[in-house]
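Please open the model in your viewer and keep the sequence panel visible. The stops below are given in the order in which they may be selected.

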Amino acid sequence: MINSRIKKLKEEMNLLGKEPKTRRKINKKLKDFILKRDNYKCQAQRGSKCNKGKLEVHHIDYNPNNNKINNLITLCNFHNSSISNHKFSNKEWWIGYFKEKMENVIYVGGKKNESK
Ligand SMILES: [Zn+2]
């Protein structure tokens, strides 16, 4: 009986523990902004072969709560799932690759990223 109470408590704690991990949703306005900035093209490749799938927004640092514009990049459905599942190369390589890209990004409105 005590065990079942402990079990119930543990379940409740688990649920509470999950709360902060919930993804902060990228709202439509932000998504549109990122897609537009990246010219509606997957940024994983220079070629355009992969641009047939649905476009998605990828978190460069793999932190789903970091929705800063320089942490978000447009990827096609294929590359987003592949990179997120670490099928391609390693995490650090992609982080470096996308961060370098972001340094060269010119934001909508003609403002260059000068945060560095
Ligand atoms: Zn792609």
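Select I26 first, then display K31, V57 and N67: I26 touches these residues, leaving aside those up to four places away in sequence. Here, contact means that the C-beta atoms of two residues, placed from the backbone, lie within 7 Å. The model is a predicted one, in which local features need pLDDT of at least 70 and side-chain atom pairs count only at pLDDT 80 or more, while totals for chains, interfaces and linings use all residues. Residues are numbered from 1 along each chain as its sequence is written.

I26 lies in the loop that links α1 (2–18) to α2 (28–37). Helices (H or I, at least four residues) and strands (E, at least two) are DSSP runs, numbered from the N terminus. Is I26 buried, exposed or partly exposed? I26 counts as partly exposed because it has 17 C-beta neighbours inside 10 Å. By definition, a buried residue has 20 or more other C-beta atoms within 10 Å of its own, an exposed one has 12 or fewer, and a partly exposed one falls in between, with C-beta atoms placed from the backbone. Add K68 to the selection: I26 and K68 are 42 residues apart in sequence, and their C-alpha atoms are 9.9 Å apart in space.

Move next to C42, in the loop between α2 and β1. C42 is buried, with 24 other C-beta atoms within 10 Å. From C42 to V57 the C-alpha distance is 9.4 Å, across 15 residues of sequence.

Now select strands β1 (residues 55–59) and β2, which run antiparallel and are joined by five bridges. Strands are said to pair if DSSP finds at least two bridges between them. H59 stands opposite L72 in β2. Colour β2 (residues 72–76) alone: five of its five residues are buried, so the strand is largely enclosed by the rest of the structure. L72, T74 and C76 lie on one side of β2, with I73 and L75 on the other.

Continue to helix α3 (residues 77–84) and show H79, N80 and I83, which are buried. These residues cover an arc of only 100° around the axis (the arc of the directions from the helix axis to the C-beta atoms), which puts them on the same side of α3. The buried residues of α3 pack against β1, β2 and α4 (91–103).

Finally, select the whole chain. Four helices and two strands are present, in the order α-α-β-β-α-α from the N terminus. Of the 116 residues in the chain, 16% are buried.
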